[in-house]
Amino acid sequence: MNVILIAVIVLGAIGLIAALVLFFVSKKFAVKEDPRIGQVSEVLPQANCGGCGFPGCGGFASACVKAADAGSLEGLLCPVGGQPVMEKVASILGMQVGASAPKVAVVRCNGTCENRPRVAVYDGVKSCRVANTTCSGETNCAYGCLGCGDCVAACQFDAIKMNPVTGLPEVDATKCTACGACAKACPRNIIEIRIVSGDKKEAFYVECMNKDKGAVATKACAAACIACMKCEKVCGFDAVHVENNLAYIDPNKCQLCGECEKACPKQVITFMDINGKKPKPKLAAAPAAKTAATAKAATKAAAPKAPSTPREPIIVKYDAPLLPSQQIVLAGTIDLDAPEKQESAGKIAEIEHKYDAPLLPSQQILLGGK
Amino acid sequence: MKTFRIGGVHPAENKLSAAEPIKIADLPKIAVFPMGQHIGAPAKPIVKKGDKVKVGQMIAEAGGFVSAPIFSSVSGTVLKVDTVVDASGYAKPAVYITVEGDEWDEAIDRSDKLVTLKDKPELTGKEIIEKIQKAGIVGMGGACFPCHVKLMPPPGSKPEWVIINAVECEPYLTADHRLMLEKADQILVGVSLLMKAANVNKGYIGIESNKPDAIKLMQEKVSAYPNIEVVPLKVKYPQGGEKQLIDAVVGRQVPAPPALPVSVGAIIQNVGTAYAVYEAVMKNKPLFERVVTVTGKSLKQPSNFLTRMGTPMSQLIDACGGLPEDTGKVIGGGPMMGKALMNIEVPICKGSSGVLIMNDKEARRGEPQPCIRCAKCVSACPMGLEPYLLATCSGNGMWEKVEAEDITSCIECGSCQFTCPSNRPMLDLIRLGKSTVMGIIRARNAKK
Amino acid sequence: MANKLIVSLSPHVHSNDTVQKNMYGVCIALLPALVCSFVIFGVGAITVTAVSVASCVFFEWAINKYLMKNDKPTVTDGSAILTGLLLAFNVPSNLPLWIMIVGALFAIGVVKMTFGGLGCNLFNPALAGRAFLLISFPVQMTTWPVPMQGFGTYLDAETAATPLSIMKAAVKAGDASILEQLPNAMDMLVGRTGGCLGEVSALAIIVGLIFMLAKKIITWHIPVSIIVTVLVFSGLMNLANPVYASPVAELLSGGLLLGAVFMATDYVTSPMSKKGQLIYGVAIGFLTVVIRTFGAYPEGMSFAILIMNAFTPLINNYCKPKRFGEVAK
């Protein structure tokens, strides 16, 4: 009995003393943190990608709180969470945020194995940054993709992958959060975090970084920009400029008319649609017409079977050469009768919603051409 | 026998062309002169398309103090001022000259007569440096640091010795070895000129013991120069590294960067540089030709050539029997620090000490295996660094860590990677780390 | 030109040293000791070693293939064979074979592969395996066969006194006369004493050491620092009180030489810099003598090495090689 009593007393005393010590220590050494930092952190994606320019989500949260105290959240954007998250952050801090354009990473090199012959074998560490110091890479192009996949390793969102056929990285625009990690990782600055114009979420960009003169560039790569100036001439919005033997489209000025794309003799200018994967609209005239015909047939076949109305606007509006991504969507309509394809039906509805918009200039031109 | 104290390795020497006398290479059809042949600001072209030039005429002026002018090695017409892919694999500005005849500038003394300091006692140190600067002389060992800059040390440092680097520790290369055997007198005059220019009383010539004939010859000739001493050195790579050579010859260690060799009192010049200095000062001949070793086990006839700059490497390879069928790698320089070339049309520059051909089997690196922490790289590192750690941390982007571990001291000699039983590409990663850290330091200094 | 040129950064030549060469070099250096143990302990020595090597290689292969799913299995590099050999050298030659297999599984599976395989382990796999067996199967691990009964026989488990147990008894009893039972130095050098399979013949181990030093597989720093420390420290103890065995007996008995030459010099678990290696060696020598004289176990080598293995990262962190130019001023 005595033993138990002593044990209880001793343990109790130790517990009490420890509790007292802890109590005083926690009071004495308490670190005061603005509770809002924690609240803001909670709504952030916690990907800690650093795309905002701060060390992780915690750093961004404290920067937001600081900025809010200073009066404005301007210039602060979580590229991963985008507008919705920034709105939540603003509401916690009692602020307003303006709209910001969505962005996506684009790979500005089309030096596929076919376009760009390999002239050497690189036998070093599989890292673009190291390969970049070795020589101009395995090809003669000193500006293009080195193909070791530093960008793939840098991506936290599994949005960029090497295509083993082309040897180039490909961005999955649906997964890309425009955090910019890949652009930072690329030693040749091929990856650009590009604004996709407004609600349309589309963009034209120059798929080349080669600043050599036309003849040299062509020798190194069949898909190189040769600085022929045609794009600059056809652009009606002062958006395309050729500098240092390389064309660049200013995303803020580009009106998505597609004239430059048509004018480019090397098909360097590429169209990108953020809603789907990048289509390959190398619109040679004949295949385009063919596509249109087949698409039309597909549409007609699909139309009578279509079980519900919401899809009809697509069919009517897109009586035009369809982009591959849209063809995929339409192909989905054929299978719609099967009940297990309800999921794709949902996708169709979503697409319909997004495309319930006036025709794009490029589409108008295509329609007009018919 | 003397050598440096820390680390070092001993690669197979393979001095295939050591017994080949220096041959004079044919003139090229078109000579190409890249503007960036040295460390520092690139030279600025002063000729334009259609200009007629003579051998020895300046075609580009120095782009600053740490820079050097470039001289035409041929006579003919300027074809164009454009870019050329040089040994780095990237396009750089260059002057192309179509060769017509071989008409030399009149000021150049083309006789074989040896001119010594006794013949020109009126020369002052300042005049010598000026002539060196005007002749576009840079370090001929490969680093291509402008020679005159080294001879004008920053205020506060007092040079005590000129040490001539005749070590040629790179395997395969024999250019310096042959030059010593064939131009010993001229080299010694060059050394005494360098000593006078730097205002020092003691000169050393460090030669590795695998060149006994050169040591013997130089020791005989040097008896006429009481202030110059030939120092035979034990064969160990990288003895030709500036800091290692100072340690080996006079036993002083240069502190970590940014300290310069002159801070311990030594000025290092390559033996080829000494010869170029002789020609520039005594013969008025600017730097436009050099000895190049063209070698390789698969090559029919490994040779040493006295080559005009601007000659494409392919021409020299053809003169040695052509590029073998199974060639895997063509290296500009030696096998330890040379640069693998993508393109054999690269022109010979001031720093091209050799062209090395390797067959496919020799050229391939072994498959990297996990690090077994055997510490052989640590033992081999001549700078007392820990290559395994630097490589791993660089690979993971831990820049603060590698900076704290003195990555900037690395001389990129390749001893670590050479010795690694796991075939790990350590130096690739260390170079990446070093250049990144240098960038970070520069940015930090710019902020201050 | 038919071929594409290969480009890579310098250096373009290699010493042709490989992991395999080093690992098999150590294996070759162990052969004299294996032959000796065959002569001393008979077929049992060979059987136990073969089982140990085979099971180590098998476990390495199986874990690599099925658990780690490595494309490039590390079985061929010889490290598993080496672990197997060293593990076998650290057990009595009459150890039941199933215990040997359990030991191999622990050494390879737990100590080596869970940390990531070759080059990543914190502790020496063979020694950790031995320590595991010693704690799990104390009776079998300390039942020594009587040596020199003619080879060809598989020796039964008989308890023969080892030099170490004699030393321990002397310390415990506080009676220096017990030490007279120790075999003479010549016997210990050749290996005519009881003990673990590979550790008995000091001579064979010294032959291995000379081979490895000549082949530049290891440097002298670790073995020499351990041996010198043991000699000095146990010599002082012996002078202070003759109950403690003479330094020569300490040196030639038990696994000291085997540990100093083959175990402590394990690449993966020893420090990288020369200074660090000396500190490591001195600490191992000191700890060994301390455990042997004051500890519960008669043998302290394996525990001393394992303890210092744990300190290796710390030593690496604080013992940097002398940088070039550090003392130039």
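# Chain interfaces and the largest cavity

Across the interface of chain B and chain C there are 25 residue pairs in polar contact, counting pairs with both residues at pLDDT 80 or more. On the chain B side, helix 6 (242-250), strand 15 (327-332), strand 16 (339-341), helix 9 (360-363), helix 10 (376-380), helix 11 (387-395), helix 13 (415-419) and helix 14 (426-447) each supply at least two of the residues that touch chain C. The model is a predicted one, and the points below cover the two interfaces that chain B forms with chain C and with chain A, followed by the largest cavity.

**Chain B with chain C**

- The contact draws on 64 residues of chain B and 44 residues of chain C, and the area buried between these chains is about 4400 Å², with carbon and sulfur atoms giving 56% of that area.
- Of the area that chain B buries against chain C, 15% is supplied by B:Ile372, B:Arg373 and B:Phe418, which is more than any other three residues supply.
- The rule finds 6 salt bridges across this interface, and the side chains of C:Arg323 and B:Glu386 meet in a salt bridge with an N to O distance of 3.8 Å.
- Strand 15 of chain B provides the largest share of the side that touches chain C, namely 5 residues, while the residues of that side divide by class into 30 nonpolar, 15 polar and 19 charged.

**Chain A with chain B**

- Here 21 residues of chain A are in contact with 15 residues of chain B, and the buried area is about 1300 Å², of which 56% comes from carbon and sulfur atoms.
- A:Asp123, A:Val125 and A:Arg129 together supply 37% of the area that chain A buries against chain B, more than any other three residues.
- The rule finds 1 salt bridge across the interface, in which A:Lys213 pairs with B:Asp82, their closest N and O atoms being 3.5 Å apart, and 5 residue pairs are in polar contact, with both residues at pLDDT 80 or more.
- On the side of chain A that touches chain B, strand 2 (120-122) and helix 5 (128-134) each supply at least two residues, with helix 5 giving the largest share, 5 residues, and the residues of this side comprise 8 nonpolar, 8 polar and 5 charged.

**Cavities**

- A search of the whole structure finds 15 cavities of 30 Å³ or more, and the largest cavity holds about 250 Å³ of space.
- Its lining consists of 21 residues, with C:Met23, C:Leu82, C:Leu86, C:Asp266 and C:Tyr267 lying nearest the centre.
- Helix 1 (19-41), helix 3 (79-89) and helix 5 (125-136) of chain C are the elements that give two or more residues to this lining, and helix 3 of chain C gives the most, with 4 residues.
- By class, the lining of the largest cavity has 13 nonpolar, 6 polar and 2 charged residues.

How values were computed
Residues are numbered from 1 along each chain as its sequence is written. Chains are lettered from A and ligands numbered from 1 in the order in which they are written. This is a predicted model: local features need pLDDT of at least 70, side-chain atom pairs count only at pLDDT 80 or more; totals for chains, interfaces and linings use all residues. Side-chain values use heavy atoms; hydrogens and water are left out. Contact means heavy atoms within 4.5 Å. Buried area is the accessible area (1.4 Å probe) that two parts lose on being put together, summed over both. A salt bridge is a side-chain nitrogen of Lys or Arg within 4 Å of a carboxyl oxygen of Asp or Glu. A polar contact is a pair of N or O atoms within 3.5 Å; within protein, one must be able to donate a hydrogen and the other to accept it, and residues adjacent in sequence count only if both atoms are side-chain atoms. Ala, Val, Leu, Ile, Met, Phe, Trp, Tyr, Cys and Pro count as nonpolar, Asp, Glu, Lys and Arg as charged, and the others, Gly among them, as polar. On a 1 Å grid over the protein atoms alone, a cavity is a set of points where a 1.4 Å probe fits but cannot get out, and a pocket is an open set with protein on both sides within 12 Å along at least five of seven lines; lining residues have an atom within 4 Å of a point. Grid points are joined across faces, edges and corners, and a volume is the space filled by probe spheres set on the points.
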